[in-house]
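Open the model in your viewer and keep the selection panel at hand. The stops below go from the whole chain to single residues, each with something to select and something to look for.

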Amino acid sequence: MHTANMATIDEITILAILIMDMGVEMEKDRMVLNHLFVNVFNQILKIEEKVIREETDLNLTVTEMHVIEAMGKTTAKTMTEVADKLNITLGTLTASINRLLEKGYVERTKDGEDRRIVRIALTPKGMEAFDIHNRYHGEMMDSVLTHLNEAEAEVLSARSEERRVGKEC
């Protein structure tokens, strides 16, 4: 990953650590925390877009990259499955899928048993983009984790476990 991007990720990491250390007891704190999270999220998207545009030969937007990520490399998925995973409408997904089809990253087929069902899958080019995106996120997480002390890592781990258990219920 590019050094300038790492510096920005380092700044985001420090901000994230500060956020984790903040108490969220009063409404004002909640508003500040929300503002910080929105800013961090937007900065991450800007970095991701820059990496996709400048450090790869992928002709993709961040939105298209996230559609590829949601599709995954396993079996073909229905449009509804992917739209639900991204929490977007079928119309929004259809527009992205049409662009990805034109660029050669996905293929669309009718279901063998029910022709009304449309399935989408990554092409080899789409799978390569998926792998590049996963490596980027891995490098970003490695950078973040190197800045955490043991107590912060434990807090993050506990929060992650709470979310995982919450999703299973």
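Helices and strands are DSSP runs, with H or I over at least four residues for a helix and E over at least two for a strand, and they are numbered from the N terminus. By that convention Met140, a residue to which the tour returns at its end, lies in helix α6.

This is a predicted model, in which local features need pLDDT of at least 70 and side-chain atom pairs count only at pLDDT 80 or more, while totals for chains, interfaces and linings use all residues. Residues are numbered from 1 along each chain as its sequence is written, and side-chain values use heavy atoms, with hydrogens and water left out.

**The whole chain**

Begin with a cartoon of the chain, which contains 7 helices and 3 strands; read from the N terminus, the order of the elements is α-α-α-β-α-α-β-β-α-α. Switch to a surface, and the accessible area comes to about 10,800 Å², with 55% of it belonging to carbon and sulfur atoms; areas come from the Shrake-Rupley method with a 1.4 Å probe, and for residues only the protein chains shown count as cover. Of the 169 residues, 30% count as buried, where buried means under 20% relative accessible area, exposed over 50%, and partly exposed in between (1.4 Å probe, protein chains only). Contact means heavy atoms within 4.5 Å, and among the contacts with a separation of 6 or more, 55% are accounted for by residues 24 or more positions apart.

**Helix α3 and the core**

Next, select residues 62-71, which form α3. Because 7 of its 10 residues are buried, α3 is largely enclosed by the rest of the structure; the buried ones are Val62, Glu64, Met65, Val67, Ile68, Ala70 and Met71. Just after α3, Gly72 takes a positive phi of about 70°.

Now add the largest nonpolar core, a nonpolar core being a set of buried Ala, Val, Leu, Ile, Met, Phe, Trp, Tyr and Cys residues joined through side-chain atoms within 4.5 Å. Which of its 22 residues touch the most other members? They are Leu60, Ile68, Met71, Ile97, Leu100 and Tyr105. At least two residues each come from α3, α4, α5, β3 (118-122) and α6 (124-145), and α3 gives the most, with 6 residues.

**Two crossings at α5**

Keep α3 on screen and add α5, residues 90-103. The axes of α3 and α5 come within 10 Å and cross at roughly 95°; axes are lines fitted to C-alpha atoms, for helices over the stretch in contact, and angles run from 0 to 180 degrees between N-to-C directions. That makes α3 roughly perpendicular to α5, on a scale where angles under 35 degrees count as roughly parallel, over 145 as roughly antiparallel, 65 to 115 as roughly perpendicular and the rest as oblique. Show side chains for Thr63, Glu64, Val67, Ile68 and Met71 in α3, which meet Leu93, Ser96, Ile97, Arg99, Leu100 and Lys103 in α5. Leu100 is worth centring: leaving aside residues up to four places away in sequence, Leu100 touches Leu60, Glu64, Val67, Ile68, Tyr105 and Val106.

Then bring in α4, residues 79-86, whose axis lies 9 Å from that of α5 at an angle of about 105°, and α4 and α5 are therefore roughly perpendicular to each other. From α4 the contact takes Met79, Thr80, Val82, Ala83 and Leu86, and from α5 Leu90, Leu93, Thr94 and Ile97.

In the loop between α4 and α5, select Asn87, which at 72% relative accessibility counts as exposed. Its phi is near 60°, a positive value in a residue other than glycine. Most residues other than glycine have a negative phi.

**Along α6**

Finish on α6, taking Met127, which is partly exposed with a relative accessible area of 31%. Beyond residues up to four places away in sequence, Met127 touches Lys73 and Leu122, and its C-alpha lies 9.7 Å from that of Thr74, 53 residues apart in sequence.

Is His133, also in α6, buried or exposed? With a relative accessible area of 3%, His133 is buried, and, with residues up to four places away in sequence not counted, His133 touches Glu48, Met65, His66 and Glu69.

The last selection is Met140, which is buried at a relative accessible area of 6%. The C-alpha atoms of Met140 and Ile44 are separated by 9.5 Å, although these residues are 96 apart along the chain.
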